[in-house]
Structure formats: structure tokens, C-alpha cells
Amino acid sequence: MNKRLSVLFVALTAAPVALLGQEKPPASSPPPANPITESEKGFYSFVSGAVVGAAQKMPEENYSFKPTPEVRTFGQLVGHVADASYMFCSKAIGEANPARDIEKTKTSKAADLVAALKDGVAYCNKAFDSMTDAKGSQMVKFFNFDTAKLTMFSINTAHTNEHYGNMVTYLRLKGIVPPTSENQSAQPPK
């Protein structure tokens, strides 16, 4: 009896495996013409979307909030990220920085800072659109270092992500769920 059950068990478990082996693998799409640039742009799109979402979620009255006297206000963080976006992306494409001192000159949420942040992100996206992997390997001077143009984009993405982390803390201190946690909080705990 045990031998028959063992044979039956093996047959029942082997059948689905054999059927799966007969399925055709999904067709893979051809790699993009500029995989490094496209990968970097994809990650920047995610990070910059989170920062813009955080800027939009924080109420206007909390743009002057800072957890301790030594740090930037939330609004200054938004302006700082916008300034940096212009600085890093203009350097990557060899243009003069088209916008400066947003952190120091813009103070209101909707009219100034969120718009400036969105414009900075749009500027970087336009810079990405003109980049290729070959152009991205060209070197530029950055703080007296020879740096690949694509590395300038990577630095911008890392910098934006770093300050998104700051923004998350500010949002949480005000009882606001950050954009990247919204879907997670909607799911029941496991």
C-alpha cells in the first residue's frame, strides 16, 4: 500500500512540473539602446516622484517646520532639492545652471516651491532625454574631480533620495504618511 501511494504521489507531483516545462518562455524584449541611461532615468523618476509627492502632501502651514533649530525647514529642503537638480543636471549636459538660489528666494508652497521643484525635475528629465550611454561616459569637472556625465545624474538621484529621507521624517513628525508608504499602510499587517 505504501509503495502505491509513493508512486501516486510522485506521479501527481511530476505532472505539473512536466507541464510547466512545456510552456514557452515569455518573449524577452530587446535591450534598450542606452541601458545605463535608461536605468538611471528610471530610478530618478521614482525618487523624484516621491520627493514631489512629499512636497505636495505637506500642508502650507508646515513648510516653515523644522524639527530642531539646526536643520532646514521643510520648505528649504524642497528648495534645496530643486536647486541641486538644476546644478547637477546642467553640469551633466554642459549647460549653464538656469536656476539658482531657489532655497533662499522661494518661500510659499504652491506658487513657488512645488512649482520650482517640478520645474527642476522636468529640467533633469529633459537632460536625460538628450543623454546616451556614450555621451554619459564623457568627463566633466565637478569640484576638481573628473566625473562621468552619467555619474552626475547618479549623484543627483542619490542627493534627491537622501533629502527624501529627511522629508519623510518631517512628514511623519506631522502625522502624515509619506508617498512611498501609502500603499504599504493600506495593506493589513501580516
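# Helix packing and hairpin in a predicted model

Helices H3 and H5 are roughly parallel to each other in this predicted model. H3 covers residues 74-93 and H5 covers residues 109-129; their axes come within 9 Å and cross at roughly 20 degrees. Because angles under 35 degrees count as roughly parallel, the pair falls in that class. The crossing of H3 and H5 is left-handed. On the H3 side, the contact is formed by Gly75, Val78, Gly79, Val81, Ala82, Ser85, Tyr86, Cys89, Ser90 and Ile93. H5 contributes Leu113, Ala116, Leu117, Asp119, Gly120, Tyr123, Cys124 and Ala127. By residue class, this contact comprises twelve nonpolar, five polar and one charged.

## Overall architecture

The protein chain contains eight helices and two strands. Their order along the sequence is α-α-α-α-α-α-β-β-α-α. Of the 190 residues in the protein chain, 37% are buried. Among contacts with a separation of 6 or more, 68% join residues 24 or more positions apart.

## The packing of H3 against H7

Helix H3 also packs against helix H7, residues 149-173, at an angle of about 175 degrees. Angles over 145 degrees count as roughly antiparallel, and H3 and H7 are therefore assigned to that class. From H3, the participating residues are Phe74, Leu77, Val78, His80, Val81, Ala84, Ser85, Phe88, Cys89, Lys91, Ala92 and Ile93. They meet Lys149, Met152, Phe153, Ile155, Asn156, His159, Thr160, His163, Asn166, Met167, Tyr170 and Leu171 of H7. The contact divides into 15 nonpolar, seven polar and two charged residues.

The axis geometry of both pairs is set out below.

| Helix pair | Axis distance | Axis angle |
|---|---|---|
| H3 and H5 | within 9 Å | roughly 20 degrees |
| H3 and H7 | 8 Å | about 175 degrees |

## The hairpin of S1 and S2

Strands S1 and S2 (residues 145-148) pair in the antiparallel sense over four bridges. Phenylalanine 142 is placed opposite phenylalanine 145 of S2. Two residues lie between the strands of this hairpin, and phenylalanine 143 adopts a positive phi near 50 degrees.

The side chains of S1 alternate. Val140 and Phe142 point to one face and are buried, whereas Met139 and Lys141 point to the other and are not.

Valine 140 belongs to S1, which spans residues 139-142. Its relative accessible area is 13%; since buried means under 20%, valine 140 is classed as buried. Leaving out residues up to four places away in sequence, valine 140 touches Lys91, Phe145, Asp146, Thr147, Lys149 and Met152. Lysine 91 is 49 residues from valine 140 in sequence, yet their C-alpha atoms are 7.5 Å apart in space. Lys91 also takes part in the contact of H3 with H7, as do Lys149 and Met152.

## Lysine 106 before H5

Lysine 106 lies in the loop between helix H4 (102-105) and H5. With a relative accessible area of 32%, lysine 106 is partly exposed. Apart from neighbours within four places in sequence, lysine 106 is in contact with Asp112 and Leu113. Of these two, Leu113 is listed in the contact of H5 with H3. The C-alpha atoms of lysine 106 and valine 78 are separated by 9.7 Å, with their positions 28 residues apart along the chain. Val78 appears in the contact of H3 with H5 and in that of H3 with H7.

Methods:
Residues are numbered from 1 along each chain as its sequence is written. This is a predicted model: local features need pLDDT of at least 70, side-chain atom pairs count only at pLDDT 80 or more; totals for chains, interfaces and linings use all residues. Side-chain values use heavy atoms; hydrogens and water are left out. Axes are lines fitted to C-alpha atoms, for helices over the stretch in contact, and angles run from 0 to 180 degrees between N-to-C directions. Angles under 35 degrees count as roughly parallel, over 145 as roughly antiparallel, 65 to 115 as roughly perpendicular and the rest as oblique. A crossing is left-handed if the near helix is turned anticlockwise from the far one by less than a right angle, and right-handed if clockwise. Contact means heavy atoms within 4.5 Å. Ala, Val, Leu, Ile, Met, Phe, Trp, Tyr, Cys and Pro count as nonpolar, Asp, Glu, Lys and Arg as charged, and the others, Gly among them, as polar. Buried means under 20% relative accessible area, exposed over 50%, partly exposed in between (1.4 Å probe, protein chains only). Two strands pair if DSSP finds at least two bridges between them.
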